[in-house]
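Here's a quick tour of a protein model, written for someone who'd rather be at the bench. Have the sequence and the 3D view open side by side as you read.

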Amino acid sequence: MTSTSLPNTTTTTIPTSSGCGTFLTTWGSAGSGNGQFSGPQGVATDGSGNVYVVDTFNNRIEKFSSTGTFLTTWGSSGMGNGQLDAPYGVAVDGSGNVYVADTYNNRIQKFDSNGTFLTTWGSAGLGNGQFESPTGVATDGSGNVQVADYGNSRIQKFDASGTFLTTGGSYGSGNGQFEYPFGVATDGSGNVYVADSNNNRIQKFDASGTFLTTWGTSGSGNGQFNNPDGVATDGSGNVYVVDTFNNRIQKFSSTGTFLTTWGSSGTGNGQFNAPYGVTVDGSGNVYVADTDNNRIQKFACP
């Protein structure tokens, strides 16, 4: 069965201190047809505003317009080129190439914007260029690829063809250490933001991996987290964090100052059920992978 999901265009204002979090539209439902999802985890946008969703347990990538019109899909279950095993993360570079964290295959796969396979790298292990369940992936302005190597509690950096460049991190709670980092993002200056999930914090590094700052503790207050998993930045350098088990999005300045938050537990517009992924497009719109509700939600953040 196939179907094309039509977006819900009802507009609801979710009150926040900055006007951020105005609900715009949503699409998706549980299933395996076009526009349907099974546990979508990662989400990314390209320069044209198209939206790429990691449909994790359907082992595929789905591509949509900015309003949720289904465009194309690729991937199937397996270990071959273009096949996937529970992928979690996705990123798009300035040329429109798509990078997928093929989590249980312990590799990164690179595709063009239509899903044509280009290259892959990685295998299971502890060495440079090896992974233990990579979950997050991000690209920077120079085309480098940052990978959250979840099970190895580190970040690895590659060039666009998969050549290993550097790595940083170890298991722990000190600055520059991680306890199962899930998401990773970069800003226009090349700084790297890591969702250090089990430490309930965000860590920020410069482009060379030097620790800069950190924020967050365990809890449900502003600036606190309960398993932050997704992280993204906008064109002004603001940082958006998916506070997964608090069922909300939190927005911070680039140095970690709390700005605003929206969301609560539920199935209504602006509510979430264990969200994991977030991305911001060039117009400042925020897309959230509302994982256990099997949908994408889009918000304005003026």
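Does N106 count as buried or exposed? At 11% relative accessibility, N106 counts as buried, under the 20% cut-off used for that label. Keep in mind that you're looking at a predicted model, and every value here is computed from it.

**The overall picture**

Let's step back before going on with single residues. The protein has 24 strands and 0 helices. Its radius of gyration is 17 Å, close to the 19 Å that the globule rule gives for 302 residues, so the protein is as compact as a globular protein of that length. If you lay the C-alpha trace along its principal axes, it spans about 50 × 45 × 30 Å.

Of the 302 residues, 59% count as buried. What's left on the outside adds up to about 10,800 Å² of exposed area, with carbon and sulfur atoms supplying 45% of it. As for contacts between residues at least 6 apart in sequence, 43% of them join residues at least 24 apart. On the charge side, there are 12 positive and 21 negative charges, and the mean positions of the two sets are 3 Å apart.

**Some loop residues at a glance**

Here are several loop residues with their relative accessible areas.

| Residue | Loop between | Relative accessible area |
|---|---|---|
| N106 | strand 7 (98-102) and strand 8 (107-111) | 11%, buried |
| N200 | strand 15 (192-196) and strand 16 (201-205) | 12%, buried |
| A274 | strand 21 (258-262) and strand 22 (277-280) | 7%, buried |
| N294 | strand 23 (286-290) and strand 24 (295-300) | 13%, buried |
| S48 | strand 2 (40-45) and strand 3 (51-55) | 66%, exposed |

**N106 and N294**

Back to N106, then. Skipping its neighbours within four places in sequence, N106 touches G122, S123, A124, F131, E132, S133 and P134.

Now try N294, in the loop between strand 23 and strand 24. Its contacts, again leaving aside neighbours within four places in sequence, are G28, S29, A30, F37, S38, G39 and P40. With G39 there's a polar link too: a polar atom of the N294 side chain lies 2.8 Å from the backbone nitrogen of G39.

**T291, in the loop with N294**

T291 also lies in the loop between strand 23 and strand 24. With a relative accessible area of 2%, T291 is buried. Which residues does T291 contact once its neighbours within four places in sequence are set aside? The answer is G39, P40, Q41, N273, A274, P275 and Y276. Zoom in on P40 and you'll find its backbone oxygen 2.8 Å from a polar atom of the T291 side chain.

So G39 and P40 turn up in the contact lists of N294 and T291. In the polar pairs, the N294 side chain goes with the backbone nitrogen of G39, while the T291 side chain goes with the backbone oxygen of P40.

**Two residues with positive phi**

Most residues other than glycine have a negative phi. N200 has a positive phi of about 50°, though it isn't a glycine. A274 is another non-glycine with a positive value, near 55°. N200 is buried at 12% relative accessible area, and A274 is buried at 7%. A274 is also one of the residues that T291 contacts.

**Sequence distance and space**

D281 is a handy reference point. How many residues lie between S48 and D281 along the chain, counted as their separation? They are 233 residues apart, yet their C-alpha atoms are separated by 8.9 Å. T291 and D281, by contrast, are 10 residues apart in sequence and 19 Å apart in space, C-alpha to C-alpha.

**A residue inside a strand**

Finally, have a look at V278, which sits in strand 22. At 7% relative accessibility, V278 counts as buried. Beyond its neighbours within four places in sequence, V278 is in contact with V43, G230, V231, A232, Y240, V242, V286, Y287 and V288. I296 is 18 residues away along the chain, and the C-alpha atoms of V278 and I296 are 9.5 Å apart.

Technical notes:
Residues numbered from 1 in each chain as written. Predicted model: local features only at pLDDT ≥ 70, side-chain atom pairs only at ≥ 80, totals over all residues. Heavy atoms only, no water. Helix = DSSP H or I, 4+ residues; strand = E, 2+ residues; numbered from the N terminus. Rg over C-alpha atoms; globule rule 2.2 N^0.38 Å. Buried < 20%, exposed > 50% of the residue type's maximum accessible area, 1.4 Å probe, protein only. Contact = heavy atoms within 4.5 Å. Areas by Shrake-Rupley, 256 points an atom, 1.4 Å probe, with all protein chains shown as cover. Lys, Arg positive; Asp, Glu negative; His and termini not counted. Charge placed at Lys NZ, Arg CZ, Asp CG, Glu CD. Polar contact = N/O pair within 3.5 Å; in protein donor to acceptor, adjacent residues only side chain to side chain.
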